[in-house]
Amino acid sequence: RTDPAAQQAWEEREHARLERCIAVVQRVADDGDLAPRWDVADAARMFWAVTSQRVWDDLAIDQHWTIEQYREHILATVEAALLKSRTRRR
């Protein structure tokens, strides 16, 4: 974060990722599958945070999770938090 150009590039990347999260959550909401406790903006921010590079680093790098473990557990977390119970994977 000390290099201004690198910081700007990172912020642009993260903004674009947030926009993709908003689009995904909006589709979920449009399908009627977003849990009622969430609005699209907050659900998208939660999705964005849970899938951040920092979380990946903590789990995959520091805690030595495999890619499969990461995918399985992050998906289960996001589904449990954001989806109505009837739409969760079984």
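Biologist: Which pattern does the protein chain follow when read along the sequence?
Modeller: This is a predicted model, where local features need pLDDT of at least 70, side-chain atom pairs count only at pLDDT 80 or more, and totals for chains, interfaces and linings use all residues. Residues are numbered from 1 along each chain as its sequence is written, and side-chain values use heavy atoms, without hydrogens and water. Taking helices (H or I, at least four residues) and strands (E, at least two) as DSSP runs numbered from the N terminus, the protein chain has four helices and zero strands. Along the sequence, that reads α-α-α-α.

Biologist: Thanks! What percentage of the 90 residues counts as buried?
Modeller: Happy to help: buried means under 20% relative accessible area with a 1.4 Å probe, protein chains only. Of the 90 residues, the buried share is 26%.

Biologist: Which helix gives the most to the largest nonpolar core?
Modeller: A nonpolar core joins buried Ala, Val, Leu, Ile, Met, Phe, Trp, Tyr and Cys residues through side-chain atoms within 4.5 Å. The largest has 13 residues, and those with the most contacts inside it include V25, F47 and I74. At least two residues each come from α1 (4-30), α2 (40-50) and α4 (67-82). With five residues, the top contributor is α2.

Biologist: Which residues does I74 touch, not counting those up to four places away in sequence?
Modeller: I74 is among the core residues with the most contacts inside it. Contact here means heavy atoms within 4.5 Å. Leaving out residues up to four places away in sequence, I74 touches V50, T51, V55 and L59.

Technical notes: Buried means under 20% relative accessible area, exposed over 50%, partly exposed in between (1.4 Å probe, protein chains only).
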